[in-house]
Amino acid sequence: MSGEEKGSRIIGRILPAAVRLWLRSQVEQVENLSVVLAGRDHDIISGYLPGVSVSAVGAVYRGIHISELRLSAQDIRINVGQVVRGKPLRLTKVFPVIGEVALTAADLNASLGSALLGEGLRDFWRSLVQTPALGAEIEARYGSLPLHADVVLHNAQTCLGDRCLGLSFHPQADGQTALHPVVLATGLTVTEGNQLHLESPRWLKALADVTDISIGEPIAALHSFQWNLGSDTQLSQLILQPERLLCSGQIMVNP
């Protein structure tokens, strides 16, 4: 048996397990994980994975709860020589991941306490309050509220409707918490892959009104508001349904 054949057998046994171990190390929880590697022996021995497909159910990534995900990636470079010697798998090159994820309404609310989603919501709200005239609309509806840059979205809750997303929270800053929640809902669309647009945003009396946001009051200051998701993100589809959010697209993974 040649050295390359022997090496390929070792890689064939070790690498799939190493990839699964690495993927499991990236999540706090996963109920079902499937990994399929594609590639010829001599490619894999050199640390090149032409393709990887991953599917999972009940995953929790950095506090984000995901009911289902299906991902695929190509042109992956790893430290295969170190893996064979028992070292942890490590990525050595940036690569794109294409796929889709599904989150339920319960997933979203369970994820609100995560640093990743919590900071994302705070960044989103900071962007909103910088919009001219929005402060006046907020004060006219809710009175004086803490709208500082370090505002905390206390007791945040979300709700999914038909093509819309609702958000309720109590602004909290400088030790002060608003007595009544700010409640709003909006449709969401994506253009150019990474520009998130608000469609018909409205103030609501209660989060339950997300079932028919037409009864809410239009938020004039947020008409045509858009938020840049970053150059590493390219979304091809974003679907909001009652109790379910579906998203597909591509993100860049950095070592």
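**Reading a predicted model: strands, charges and core**

Trainee: In which sense do strand S4 (residues 95-104) and strand S13 (residues 244-253) pair, and over how many bridges?

Mentor: Strands of a sheet pair through backbone hydrogen bonds, and the pairing can be parallel or antiparallel. In this structure, which is a predicted model, S4 and S13 pair in the antiparallel sense, over 10 bridges.

Trainee: Which residues in S13 stand opposite alanine 102 and leucine 103?

Mentor: The bridge partner of alanine 102 is leucine 246. Leucine 103 stands opposite leucine 245. You can find both pairs in the structure and follow the two strands from there.

Trainee: How many bridges join strand S3 (residues 64-77) to S4?

Mentor: There are 6 bridges between them, and these two strands also run antiparallel. One place to look is serine 72, which stands opposite isoleucine 98 in S4.

Trainee: In what order do the strands of the sheet lie?

Mentor: The sheet is open and holds 6 strands, in the order S1-S2-S3-S4-S13-S12, with antiparallel pairing. Its edges are strand S1 (32-38) and strand S12 (233-241), each of which pairs on one side only. On average, neighbouring strands in this sheet are turned by 10 degrees against each other, with direction ignored.

Trainee: Next, charged side chains. How many salt bridges are there in the whole structure?

Mentor: A search for close contacts between side chains of opposite charge finds 9 salt bridges. Start with glutamate 119. Its side chain meets that of arginine 122 in a salt bridge, at 2.9 Å from N to O. Glutamate 119 also forms a salt bridge with arginine 126, where the closest N and O atoms are 3.1 Å apart.

Trainee: How many residues apart are glutamate 119 and arginine 122 in helix H5 (residues 115-129)?

Mentor: They are 3 residues apart, so about one helical turn separates them. Glutamate 119 is partly exposed, at 30% relative accessible area. Arginine 122 is partly exposed as well, at 23%. Glycine 120 also lies in helix H5, and with a relative accessible area of 25% glycine 120 counts as partly exposed. For a sense of distance, the C-alpha atoms of glycine 120 and alanine 110 are 15 Å apart, with their positions 10 residues apart along the chain.

Trainee: Which residue forms a salt bridge with arginine 141?

Mentor: Arginine 141 pairs with glutamate 217, and the closest N and O atoms are 2.9 Å apart. This pair links distant parts of the chain: arginine 141 is in helix H6 (residues 134-142), glutamate 217 is in strand S10 (residues 217-218), and they are 76 residues apart. Arginine 141 is partly exposed at 29%, and glutamate 217 is partly exposed at 41%. Elsewhere, salt bridges with shared partners join Glu68, Arg70, Glu100 and Arg244 into one network.

Trainee: Where is glutamate 199, and what is it in contact with?

Mentor: Glutamate 199 lies in strand S9 (residues 195-203). It is partly exposed, with 42% relative accessible area. Apart from neighbours within four places in sequence, glutamate 199 is in contact with Thr186, Gly187 and Thr189. Sequence distance and spatial distance are separate things to read: glutamate 199 and histidine 223 are 24 residues apart in sequence and 7.5 Å apart in space, C-alpha to C-alpha.

Trainee: How many residues does the largest nonpolar core have?

Mentor: In soluble globular proteins, nonpolar side chains tend to be buried together. Here the largest nonpolar core has 55 residues, and those with the most contacts inside it are Ile76, Ile78, Leu89, Trp125, Leu128 and Leu134. Take isoleucine 78 as a case: beyond its neighbours within four places in sequence, its contacts are Leu15, Gly47, Leu49, Leu89, Arg90, Leu91 and Thr92. A second, separate core has 7 residues, including Cys164, Ala185, Leu207 and Ile213.

Trainee: Last, the cysteines. How many disulfides are there?

Mentor: A disulfide is a covalent bond between the sulfur atoms of two cysteines. The count here is 0 disulfides. Cysteine 159 is in none; its nearest cysteine sulfur, that of cysteine 164, is 8.0 Å away.

Trainee: Why is cysteine 247 without a bond to the closest cysteine sulfur?

Mentor: The closest cysteine sulfur, in cysteine 164, is 17 Å from that of cysteine 247, which is too far for a bond. The cut-off for a disulfide is sulfur atoms within 2.5 Å. Cysteine 247 is buried, with a relative accessible area of 18%, because buried means under 20%.

Definitions and conventions:
Residues are numbered from 1 along each chain as its sequence is written. This is a predicted model: local features need pLDDT of at least 70, side-chain atom pairs count only at pLDDT 80 or more; totals for chains, interfaces and linings use all residues. Side-chain values use heavy atoms; hydrogens and water are left out. Two strands pair if DSSP finds at least two bridges between them. Helices (H or I, at least four residues) and strands (E, at least two) are DSSP runs, numbered from the N terminus. Axes are lines fitted to C-alpha atoms, for helices over the stretch in contact, and angles run from 0 to 180 degrees between N-to-C directions. A salt bridge is a side-chain nitrogen of Lys or Arg within 4 Å of a carboxyl oxygen of Asp or Glu. Buried means under 20% relative accessible area, exposed over 50%, partly exposed in between (1.4 Å probe, protein chains only). A nonpolar core is a set of buried Ala, Val, Leu, Ile, Met, Phe, Trp, Tyr and Cys residues joined through side-chain atoms within 4.5 Å. Contact means heavy atoms within 4.5 Å.
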